[in-house]
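Biologist: Could you walk me through one part of this protein up close? I'd like to see how that part sits within the whole.

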Amino acid sequence: MSRPRPLASAATPERLPPAPGQGLAARLRRRRLALGLRLGAPDVLAVIERVKRERLSYLDRASLVDLALAVRALEREGLEGELIEAGCALGGSALVMAAAKAPGRAFAVYDTFETIPPPSAADGADVLERYSEIRDGRASGIGGDPYYGYQGDLRPPVAARFAAFGLPLEANAVRLIKGLYEDQLHPQGPVALAHIDCDWYDSVRVCLERIVPWLVPGGRLIFDDYDHWSGGRQAVDDFFRGRDGFRFERHSRLQVRREA
Ligand SMILES: C[S@@+](CC[C@H](N)C(=O)[O-])C[C@H]1O[C@@H](n2cnc3c(N)ncnc32)[C@H](O)[C@@H]1O
């Protein structure tokens with residue numbers, strides 16, 4: 001979905017460093033680290049370029065690079081646990097995660113694989129306005145493509161994309177799990193990293209409630225929506241208020257790490 005303006009005056013949680021990590025030093029550091037993504041197979045930077053060229057992700061390049069770097073870091077550190085993505089849409093960020101991980105590491109991708117469910121009273125006016133566009137058939141997709149939520153069952157095309165990128169699902173331990181998180185998301189073992197990209201309050205909140213108990217020490221949550229949608233931000237603030245043992249880090253997006 002197209003990005004709204006960043007929230008200008010939303011409350012900042014107590015422990016969140018203010019700098020969004022987009023300054024020159026941060027960009028140079030990311031570029032130097034990103035060069036490492038070319039090493040080994042597959043070439044993750046090439047996957048990111050292709051994802052962007054084929055208009056498969058709403059994330060910008062810097063966010064996709066940071067996501068890949070976080071996955072590579074947990075492989076280097078030897079963290080145990082599966083990867084999770086909550087919010088796949090056309091599959092772009094999931095392809096990048098799959099390319100960056102070790103082929104045998106389990107990766108569970110959750111989505112309705114249809115249109116996004118409605119927001120709730122916990123979301124703000126920005127979300128309600130966006131959802132009314134979607135509901136009324138007025139939303140357009142990336143670069144003017146048809147909006148993904150109007151394309152029917154997205155699971156077969158997403159599976160085909162994994163194969164076309166040389167990352168077939170089964171050989172790469174990737175599962176596409178269709179349905180509402182409320183019904184389907186029940187991790188059963190350790191989680192090393194979760195990419196939470198599902199926009200609305202209730203969706204982000206249910207992910208946090210279900211995933212965080214399984215997050216290993218040193219494991220990360222990466223939030224796409226903290227700076228974009230009021231409800232996504234509020235869900236993070238509400239969940240972590242008064243909880244110790246987590247470090248908040250600003251990369252291109254908010255990352256929360258369970259302290260070791
Ligand atoms: C912004 S899109 C994900 C974008 C994707 N990560 C990318 O690279 O472009 C958000 C996705 O979250 C999914 N979603 C949101 N709430 C959900 C819920 N409660 N259950 C299942 N899927 C949900 C929507 O169906 C949608 O596909």
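Biologist: What radius of gyration does the protein chain have, and what would a compact globule with 260 residues have? Then please take me to helix α8 (residues 201-211).

Modeller: Happy to! This is a predicted model, in which local features need pLDDT of at least 70 and side-chain atom pairs count only at pLDDT 80 or more, while totals for chains, interfaces and linings use all residues. Residues are numbered from 1 along each chain as its sequence is written.

The protein chain has a radius of gyration of 17 Å, which agrees with the value near 18 Å for a compact globule of 260 residues (taken over C-alpha atoms; the rule is 2.2 Å times the number of residues to the power 0.38). Of these 260 residues, 42% are buried, meaning that 20 or more other C-beta atoms, placed from the backbone, lie within 10 Å of a residue's own.

Now to α8, a helix (a DSSP run of H or I, at least four residues). Nine of its 11 residues are buried: Y201, D202, S203, V204, R205, C207, L208, R210 and I211. Their cover includes β1 (82-86), α7 (181-184), β4 (191-196), β5 (215-223) and α9.

Helix α9 (residues 230-240) deserves a look too: its axis and that of α8 come within 7 Å and cross at roughly 35 degrees (lines fitted to C-alpha atoms over the stretch in contact, with angles from 0 to 180 degrees between N-to-C directions). From α8, the contact (C-beta atoms within 7 Å) involves Y201, V204, R205 and L208, and from α9 G231, G232, Q234, A235, V236 and F239.

Definitions and conventions. A residue is buried if 20 or more other C-beta atoms lie within 10 Å of its own, exposed if 12 or fewer, and partly exposed in between; C-beta atoms are placed from the backbone. Helices (H or I, at least four residues) and strands (E, at least two) are DSSP runs, numbered from the N terminus. Two residues are in contact if their C-beta atoms, placed from the backbone, lie within 7 Å.
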